[in-house]
Amino acid sequence: RTVPNPGRGVGAVLNRPPLASGSSVATWGASFGGMAIETAPQNSFAAVAESDAIWRQEASQERFDADAEASSLHSLLHGSSAAAVAAACAETSSSVRYDAARAAWPAAATADRQQLGGAIRQVVDALDAPHLKPSGIEKRLLGGTHAACLGLITLLNQMSALSPPTSGDTA
């Protein structure tokens, strides 16, 4: 049994040498039972901004399909994806916020597809936020990205700020 030796750090307690200056965590990890610790690649702000610009350019080329987006929203709120939404919101501690957002825009349950699609488009366009399209939210949620429920909450909250659209608002 190794007894802690004040002044020599964790290495003394673990019976390992302390991390020498200039050596990497992976090197130290290798000396600690052979476990190397991988570090994440470094992303600069410029690289992230470039990647975002490419994604936005691709997203802007997609045609907005009001009917498909309304269908996806209906699936998220009332259909086959509703259970995934509930699980994702529970996983992200967002269930209360989700319930409040749903209650804030009850027209989502009764609006026809063109009205619903028009309201979705107004939010997506006003916020320059193609990631808030229900089709994308649904795809991410079903793919296991729980945080996508936060996008759904944002979409519903923003839709509630709008007056109910007319079917002519989809152009």
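Which side chain does the side chain of Glu138 join in a polar contact of 2.7 Å? In this predicted model, the partner is Ser75, whose side chain meets that of Glu138 in the polar contact. Glu138 itself belongs to helix 9, which covers residues 134-142. When neighbours within four places in sequence are set aside, the residues in contact with Glu138 are Ser72, Ser75, Leu76 and Ser81.

The surroundings of Glu138 merit attention with regard to charge. Side chains of opposite charge can pair when their charged atoms come close. Glu138 is buried but takes part in no salt bridge. The nearest side chain of opposite charge is that of Arg113, at 9.8 Å from Glu138. Because a salt bridge requires a side-chain nitrogen of Lys or Arg within 4 Å of a carboxyl oxygen of Asp or Glu, the distance of 9.8 Å to Arg113 does not qualify.

Salt bridges are found elsewhere, and a search of the whole structure returns five of them. One of these joins the side chains of Asp128 and Arg56, with an N to O distance of 3.4 Å. Asp128 is located in the loop between helix 8 (113-127) and helix 9, while Arg56 is part of helix 3 (residues 45-61); the pair therefore ties together parts that lie 72 residues apart in sequence. Arg56 is counted as partly exposed, because its relative accessibility is 31%.

A further salt bridge links the side chains of Glu62 and Lys133, at 3.0 Å from N to O. Here Glu62 sits in the loop between helix 3 and helix 4 (66-78), and Lys133 in the loop between helix 8 and helix 9, so this pair ties together parts that are 71 residues apart in sequence. Lys133 has a relative accessibility of 9% and therefore counts as buried.

Within helix 8, the side chains of Arg121 and Asp125 form a salt bridge of 3.3 Å, N to O. These two residues are separated by about one helical turn, because Arg121 and Asp125 are four residues apart in that helix. As to accessibility, Arg121 is partly exposed, with a relative accessible area of 24%, and Asp125 also counts as partly exposed, at 48% relative accessibility. Beyond individual pairs, salt bridges with shared partners connect Asp52, Arg56 and Asp128 in one network.

Two settings for charged side chains have thus been described. Glu138 is buried without a salt bridge and has a polar contact with Ser75. Lys133, which is buried at 9% relative accessibility, has a salt bridge with Glu62.

Conventions
Residues numbered from 1 in each chain as written. Predicted model: local features only at pLDDT ≥ 70, side-chain atom pairs only at ≥ 80, totals over all residues. Heavy atoms only, no water. Buried < 20%, exposed > 50% of the residue type's maximum accessible area, 1.4 Å probe, protein only. Lys, Arg positive; Asp, Glu negative; His and termini not counted. Polar contact = N/O pair within 3.5 Å; in protein donor to acceptor, adjacent residues only side chain to side chain. Contact = heavy atoms within 4.5 Å.
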